Amino acid sequence: MSVHSEIKRVTTHTLQWMKQNNEKISMLTAYDYSMARILDGAGIDVLLVGDSASNVMAGNSTTLPITLDHMIYHAQSVMRGIERCLVIVDLPFGSYQGNSKKALESSIRVMKETGAHAIKLEGGKDECESIARIVSAGVPVMGHLGLTPQSINKFGTYSVRAKEVEEAETLVENAHALQEAGCFSIVLEKIPASLGKRVAEELKIPVIGIGAGMHMDGQVLVMHDMLGITKDFSPKFLRRYLDLYDEMTKATQHYISDVKNGSFPNETEQY
Ligand code: KIV
């Protein structure tokens with residue numbers, strides 16, 4: 001049986017089952033009702049209301065400015081559009097770091113106000129106290145290691161992470177710590193494929209990759225990148241399935257021209 005075709009509702013347990021049965025997990029980001037409806041209807045397993053909304057929806061150069069209220073608004077919109085997939089919401093920068101009480105309060109707000117199914121946060125051992133507290137309150141937590149965009153000012157670049165042995169060992173230790181703290185899954189971003197393979201093999205929980213190679217239990221992409229809405233972002237790991245930027249430009253130019261030359265609306269398009 002393939003969970004993809006059979007299941008009515010994807011849960012965190014479904015993802016665990018998929019790992020155990022070698023069925024890859026498909027995950028994309030979503031930030032609004034209309035797109036969530038299309039992606040869920042297409043059969044995506046997981047939608048992430050990512051703080052990448054700060055970049056692709058709001059036009060910021062980093063994920064830092066987005067607030068918990070913004071994330072809740074996006075998550076509420078996504079939840080109205082889905083029937084089947086699991087929805088995970090990013091805790092934004094400043095809503096959890098270094099304060100487990102605040103981390104729990106932020107998670108509870110997300111769950112209460114959006115109806116989403118889980119939260120995601122960035123970081124390793126430093127966040128384990130918060131993760132354990134959130135999980136014990138009944139909220140599933142996804143971890144995020146490797147390139148962690150909320151720490152961009154600490155690292156200064158978006159380059160591949162954990163290429164050196166020491167950083168790779170630290171990442172593996174952090175991955176185990178997240179699993180021990182109770183995470184149901186983790187995301188690994190922009191790391192060597194061999195390291196991704198090692199983590200996916202060592203961990204019992206599903207490991208989802210973005211730029212972490214082919215051996216992951218699942219893959220995630222930012223929806224705007226996958227559909228070609230973003231034009232200037234072309235990392236090696238990205239596969240574009242559409243060129244929506246160009247398609248939408250052409251459609252808009254066609255519309256402008258029809259309005260200007262009076263061919264829209266025609267006689268059948270009026271009352
Ligand atoms: O916010 C986001 O889109 C993410 C993905 C890159 C995993 O965290």
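Two strands are taken to pair if DSSP finds at least two bridges between them; strands (E, at least two residues) and helices (H or I, at least four) are DSSP runs numbered from the N terminus. The model is predicted, so local features need pLDDT of at least 70 and side-chain atom pairs count only at pLDDT 80 or more, while totals for chains, interfaces and linings use all residues. Residues are numbered from 1 along each chain as its sequence is written, and side-chain values use heavy atoms, with hydrogens and water left out.

Strand 6 (residues 185-189) and strand 7 run parallel and are joined by four bridges. Valine 187 has isoleucine 208 of strand 7 as its bridge partner. Between these strands the chain passes through helix 10 (residues 193-202), in a β-α-β crossover that is right-handed: with the strands pointing away from the viewer, the path from the first strand over the helix to the second runs clockwise.

Strand 7 (residues 207-210) points Val207 and Gly209 one way and Ile208 and Ile210 the other, and all are buried, that is, under 20% relative accessible area with a 1.4 Å probe and protein chains only. Strand 7 is also joined to strand 8 (residues 218-221), parallel to it, by two bridges; glycine 209 has glutamine 219 as its bridge partner there.

Ile210 also belongs to the residues surrounding the ligand, among them Glu189 and Val222, where a heavy atom within 4 Å is the criterion. Polar contacts (N or O pairs within 3.5 Å) reach ligand oxygen atoms from the side chains of aspartate 51 at 3.0 Å, serine 52 at 2.5 Å and aspartate 90 at 3.1 Å. The protein covers 96% of the 260 Å² of accessible area that the ligand has on its own, by the Shrake-Rupley method with a 1.4 Å probe.

Technical notes. Buried means under 20% relative accessible area, exposed over 50%, partly exposed in between (1.4 Å probe, protein chains only). A polar contact is a pair of N or O atoms within 3.5 Å; within protein, one must be able to donate a hydrogen and the other to accept it, and residues adjacent in sequence count only if both atoms are side-chain atoms.
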